[in-house]
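User: I am new to this structure and would like to know how its labels are earned. Can we go through them one at a time?

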Amino acid sequence: MEWLIAVALFGLLAYLVVDTFLPRDKPAALVARKRLCDYYAQGSVFEDLAEALGRGIRLVELHVYADEQDEPVVARKPLQAGYDYAEDNYAFEQACITIANKAFPSSDPLVLSIVPHTTKVTTLNRVAFHLRHTIHKHFVPEKDIHTKPIEELANKVVIVSGGNLAGTDLDELVNLNWDGGNLRRLTYSQAVFPRDQPELVAFNRNAITLVAPDPAFAKLTVSPDTTRLYGCQWNLFPNASAPAGFVEKPRGLQ
């Protein structure tokens with residue numbers, strides 16, 4: 001009987017040693033997720049914002065114009081380059097309210113791309129005003145967050161923009177500027193027919209490319225999935241590799 005007890009105690013001790021010191025796979029919830037630039041996201045532009053967010057879209061782009069009172073408004077459809085007004089529009093403030101009500105809470109960030117079609121400081125300051133009064137608790141108070149772990153951006157809004165923002169309140173809120181060095185905004189044609197394909201692929205390993213439809217988009221025969229093969233992360237059109245939310249890129253493109 002004593003030897004049976006000794007064997008049992010030895011087995012228990014061996015189990016405790018193995019359980020304590022041998023490496024084990026971490027539960028999925030404890031595995032650190034990768035950088036923001038290591039994920040694809042399908043985006044939405046010129047469509048109902050509430051509907052897009054309801055489908056789980058985590059990348060939305062708003063084209064902002066100034067109305068007669070210099071208040072920011074969002075265009076409902078694309079306009080020719082050079083237009084500084086949009087007749088078919090809705091208030092930018094309403095867009096912010098929709099985002100506050102529909103985009104959070106979430107385990108993923110929301111990428112908000114703002115394309116200014118005005119250089120009026122008053123209008124751009126009002127854009128910042130409405131953002132601060134609706135979704136301020138989701139702000140990320142840092143610049144150039146392309147390599148930040150995506151898990152640290154859960155329930156946050158990543159604001160991206162470009163153009164002449166210097167000296168405006170909006171410039172203070174932008175996390176990634178496509179006139180800087182860590183984010184590019186390309187048209188679909190520019191992305192699928194790059195001047196230097198290897199350079200674009202290399203860029204996307206540690207930075208981010210936002211791809212937007214252009215007038216030639218519907219006429220081209222090249223698949224939109226070509227952009228993902230070049231590592232372009234954020235695509236403002238249907239993308240089979242990332243139907244909604246954030247989807248990790250293949251290791252070879254990280």
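**Labels and the values behind them**

User: Why is D225 called partly exposed?

Analyst: D225 has a relative accessible area of 21%. Buried means under 20%, and exposed means over 50%. The value for D225 falls in between, so D225 is partly exposed. Keep in mind that this is a predicted model.

User: What makes the contact of D225 and R228 a salt bridge?

Analyst: The N to O distance between the two side chains is 3.9 Å. The cut-off is 4 Å, so the pair qualifies. R228 is partly exposed too, at 28% relative accessible area. Elsewhere, E142, K148 and E152 are joined into one network by salt bridges that share partners.

User: How many salt bridges does the structure hold?

Analyst: There are twelve. One of them pairs E61 with R185.

User: How do you know that E61 and R185 form a salt bridge?

Analyst: Their closest N and O atoms are 2.7 Å apart. That is within 4 Å, so the term applies. This pair links distant parts of the chain. E61 sits in strand β3, while R185 sits in strand β9, 124 residues away.

User: Which label does E61 get, buried or exposed?

Analyst: Buried. E61 has 4% relative accessibility, and the limit for buried is under 20%. R185, its partner, counts as partly exposed at 27%.

User: What makes D88 and R76 a salt bridge?

Analyst: Their closest N and O atoms are 3.3 Å apart. The limit is 4 Å, so the pair counts. Both residues belong to the loop between β4 and β5, twelve residues apart. D88 has 35% relative accessibility and R76 has 43%. Both values lie between 20% and 50%, so both residues are partly exposed.

User: Where else does R76 appear?

Analyst: In the second largest pocket, R76 is among the residues closest to the centre. E47, D48, L49 and Y90 are the others named there. This pocket encloses about 240 Å³ of space, and 18 residues line it.

User: What makes up that lining, by residue type?

Analyst: Eleven lining residues are nonpolar, three are polar and four are charged. Several elements contribute at least two residues each: β2, α2, β3, β4 and α3.

User: How do you know that the buried residues of α3 are on the same side?

Analyst: The residues in question are F92, A95, C96, T98 and I99. Around the helix axis they cover an arc of only 160°, so they share one side of α3. In general, an α-helix has 3.6 residues a turn, so residues three or four places apart point the same way. As for partners, the buried residues of α3 pack against α2, β3, β4, β5, β6 and α4.

User: What makes the buried residues of α7 line one face?

Analyst: Again the arc decides. L200, V201, F203 and N204 are the buried residues of α7. Seen down the axis, they fall within an arc of 160°, so they line one face of the helix. Their cover includes β9, α6 and β10.

User: Why is L124 called buried?

Analyst: Its relative accessible area is 1%. Buried means under 20%, so L124 meets the cut-off. L124 is a residue of helix α4. Beyond its neighbours within four places in sequence, its contacts are P116, T118, T119, N164, L165, T168 and L170. The C-alpha atoms of L124 and P72 are 7.4 Å apart, with their places 52 residues apart in sequence.

User: What is noted about the phi of F46?

Analyst: F46 has a positive phi of about 55°, although F46 is not a glycine. F46 lies in the loop between β2 and α2. At 27% relative accessible area, F46 is over 20% and under 50%, so F46 is partly exposed.

User: What about the phi of D70?

Analyst: D70 is not a glycine either, and its phi is positive, at about 65°. The loop between β3 and β4 holds D70. D70 counts as partly exposed, because 22% relative accessibility is not under 20% and not over 50%.

User: What kind of peptide bond joins F104 and P105?

Analyst: A cis peptide bond, with omega at about 0°. P105 is found in the loop between α3 and β6.

Technical notes. Residues are numbered from 1 along each chain as its sequence is written. This is a predicted model: local features need pLDDT of at least 70, side-chain atom pairs count only at pLDDT 80 or more; totals for chains, interfaces and linings use all residues. Side-chain values use heavy atoms; hydrogens and water are left out. On a 1 Å grid over the protein atoms alone, a cavity is a set of points where a 1.4 Å probe fits but cannot get out, and a pocket is an open set with protein on both sides within 12 Å along at least five of seven lines; lining residues have an atom within 4 Å of a point. Grid points are joined across faces, edges and corners, and a volume is the space filled by probe spheres set on the points. Helices (H or I, at least four residues) and strands (E, at least two) are DSSP runs, numbered from the N terminus. Ala, Val, Leu, Ile, Met, Phe, Trp, Tyr, Cys and Pro count as nonpolar, Asp, Glu, Lys and Arg as charged, and the others, Gly among them, as polar. Buried means under 20% relative accessible area, exposed over 50%, partly exposed in between (1.4 Å probe, protein chains only). The arc is that of the directions from the helix axis to the C-beta atoms. Contact means heavy atoms within 4.5 Å.
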